[in-house]
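Me: I am in my first year and would like to take a close look at one part of a protein model, with the rest of the chain described around it. Please go slowly and join the steps together.

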Amino acid sequence: MTDKTFYIETFGCQMNAHDSEKVVGTLVHSGYSQVETPEAAALVLYNTCSIRDKAEQKVFHRLDQFKRATGKGKVFAVIGCVAQQEGERIFERAPHVSLVAGSASYTKLPEMLVQLEAGNRRVIGLNLETAETFDTPFTRRDNPHRAYITIIEGCDKSCAYCVVPFTRGPERSRTSESVLREAAELAASRYTEIQLLGQNVNSYRDPSPAAWDFATLLDRVGRVPGIRRVRFTTSHPRDFGKSIVDAIDENPALCNHVHLPVQSGSIRVLDRMQRLYTLGDYMRRIEWMKKARRNISITTDIIVGFPGETEADFQDTLRLLDEVEYDSLFSFKYSPRPNTAAIAMDDKIPEEEKTRRITIVQEKQRAIQIRRNSDLIGKIEEVLVEGRNQALGQWIGRTSQNRTLNFTHRDAAAEPLTGKYLPVQVTRAGPNSLVGESMQCGVM
Ligand code: SAM
Ligand code: SF4
């Protein structure tokens, strides 16, 4: 390829967003330059998600759009989970695609690019049998203050509904030394917030002789000079130990927010989902957090309409929401996925019933959030300023608990606040965000 321009579009979770940052870094290091539109690019990459069927359907629709909008002579690449899942079938359904690569093969990207440049029409990277993680010193980060660091890739669990073990391969942890080195480099480049990423960060096991567990790694990242906030996602309840809560209590750089997906409040459904914990195990973890010295915000994921979920099971989920009072949640209608155990289960729940249940979950949760957010009115929260909403004349901040807090500041536009930490007093609360006023002289 003589024209080394590329465009990348990303769909899906934070892992995908961060993979794209690494892919961009790798391409730029190989002499490519990123452009803003598919029309302007010689190479068009699409990083895909297959967690639910809808996401997957979008892929082929989008690939078709790319083709129609951009005309002939371009190279198209499909990467990520749909690439891994569909493999060579992508070439059949979208013959204009030349490269198909799953995330476990990204370490081979530079070689694959050379094959593309040599005019190869079909390049495939689908090997899941890798012990490597996709560490790259060339990562191009999208946010100037908050950076992702992958600590573990893949997943060794087999939740009955989930494609991730098939699309991202087995668990591979990075060495603690390489994670800490990346955190120190980020701090040196003026990043102050780090988000540790993995499908199941709690099962992190340092492969080096230090053999740190996740709580130790989390604490050490929070002690890197210059790093003011550390977040992590996602936690699997089975591997979530009390030591993580203790670390949050001890180390103020660790954000007081834990995302702990429960999926269902029914003992029976949890068992059918093969989640490997009982409701009692889960509630014990909630209790650790509620009893912590710091006020830990708890959020979760809920799936409604899993095969065989009865009305009584669904009511158990609603009871759980009342009991825990999550600060926020992501709710999903169960979507049957290829290769998973649940696809063969009987007692499918009709689509309209799933819609009814998800609506009830969302309405209940909205009321809970209004109540919980209102409790913060009058309180002072420290925010990291992430941007500005010109139309509303407000700055956009995020609290340690991961709430969005939009606020006004005297000398509004005069001083660039983005990237700064400020104390802000909460004056109003909605279901999804807070509004406040900065405490005047506290720019940090
Ligand atoms: N590893 C994380 C965990 O164990 O909780 C979650 C990873 S997954 C990318 C994010 C969420 O998608 C899950 O927590 C689950 O609620 C939802 N999800 C996964 N597979 C699903 C499916 N087949 N149908 C509906 N929701 C699904
Ligand atoms: Fe999927 Fe379960 Fe692994 Fe999470 S822990 S990625 S839900 S298989």
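Which residue in β3 does Tyr7 stand opposite?

Reply: In this predicted model, Tyr7 stands opposite Val44 in β3. That pair belongs to the contact between strand β1, residues 5-10, and β3, which pair in the parallel sense over 5 bridges. To see where the two strands sit, it helps to follow the sheet across: an open sheet of 6 strands has the order β2-β1-β3-β4-β5-β6, and its pairing is parallel. The strands at its edges are β2 (33-34) and β6 (123-125), each of which pairs on one side only.

Moving on from β3, which covers residues 43-48, you come to β4, and 6 bridges join these two parallel strands. One place to look is Asn47, whose bridge partner in β4 is Ile79. Ile79 can then be followed onward, since its bridge partner in β5 is Ala101. The strands β4 and β5 (residues 97-101) also run parallel, and they are joined by 4 bridges. Strand β4 itself, residues 75-80, has 6 of its 6 residues buried, so it is largely enclosed by the rest of the structure.

Another set of parallel strands can be read in the same manner, and here the strand to begin with is β13. This strand, residues 297-304, is mostly covered, with 8 of its 8 residues buried. In a regular strand the side chains alternate between the two faces of the sheet. In β13, Ser297, Thr299, Asp301 and Ile303 point one way, while Ile298, Thr300, Ile302 and Val304 point the other way, and all of them are buried. Strand β12, residues 257-259, pairs with β13 in the parallel sense over 3 bridges, and within this pairing Val258 has Ile298 as its bridge partner. Strand β14, residues 328-333, also runs parallel to β13, and 6 bridges join the two; here the bridge partner of Thr300 is Leu329.

Ile303 of β13 leads to a residue in a loop, because Ile303 is among the residues that Tyr161 touches. Tyr161 has its place in the loop between β8 (152-153) and α6 (164-168), yet Tyr161 is buried, with a relative accessible area of 11%. Leaving aside residues up to four places away in sequence, Tyr161 touches Gln263, Met273, Arg275, Ile303, Phe306, Tyr334, Arg337, Thr340 and Ala342. The chain also brings Pro336 to this place: 175 residues separate Tyr161 and Pro336 along the chain, while their C-alpha atoms are separated by 6.8 Å.

Gln263, one of the residues touched by Tyr161, deserves a look at its backbone as well. Most residues other than glycine have a negative phi, and most peptide bonds are trans. Gln263 is not a glycine, although its phi is positive, at about 75°. This residue is found in the loop between β12 and α10 (267-272), and at 6% relative accessibility Gln263 counts as buried. Leu276 likewise has a positive phi without being a glycine, with a value of about 70°. Leu276 is found in the loop between α10 and α11 (279-290), and at 45% relative accessibility Leu276 counts as partly exposed. As for the peptide bonds, a cis bond joins Thr233 and Thr234, with omega at about 0°, and Thr234 has its place in the loop between β11 (229-233) and α9 (242-250).

These parts can now be set within the whole chain. The protein chain has 13 helices and 19 strands. Its radius of gyration is 23 Å, close to the 22 Å that the globule rule gives for 444 residues, so the chain is as compact as a globular protein of that length. Its C-alpha atoms fill a box of roughly 65 × 60 × 50 Å, taken along the principal axes. Buried residues make up 56% of the 444 residues. Among contacts between residues at least 6 apart in sequence, 72% join residues at least 24 apart. The chain exposes about 19200 Å², of which carbon and sulfur atoms supply 51%. Finally, there are 59 positive and 57 negative side chains, and the centres of the two sets lie 2 Å apart.

Note on methods
Residues are numbered from 1 along each chain as its sequence is written. Chains are lettered from A and ligands numbered from 1 in the order in which they are written. This is a predicted model: local features need pLDDT of at least 70, side-chain atom pairs count only at pLDDT 80 or more; totals for chains, interfaces and linings use all residues. Side-chain values use heavy atoms; hydrogens and water are left out. The radius of gyration is taken over C-alpha atoms; the globule rule is 2.2 Å times the number of residues to the power 0.38. Buried means under 20% relative accessible area, exposed over 50%, partly exposed in between (1.4 Å probe, protein chains only). Contact means heavy atoms within 4.5 Å. Accessible areas come from the Shrake-Rupley method with a 1.4 Å probe; for residues, only the protein chains shown count as cover. Lys and Arg count as positive and Asp and Glu as negative; His and the chain ends are not counted. The place of a charge is taken as NZ of Lys, CZ of Arg, CG of Asp or CD of Glu. Two strands pair if DSSP finds at least two bridges between them.
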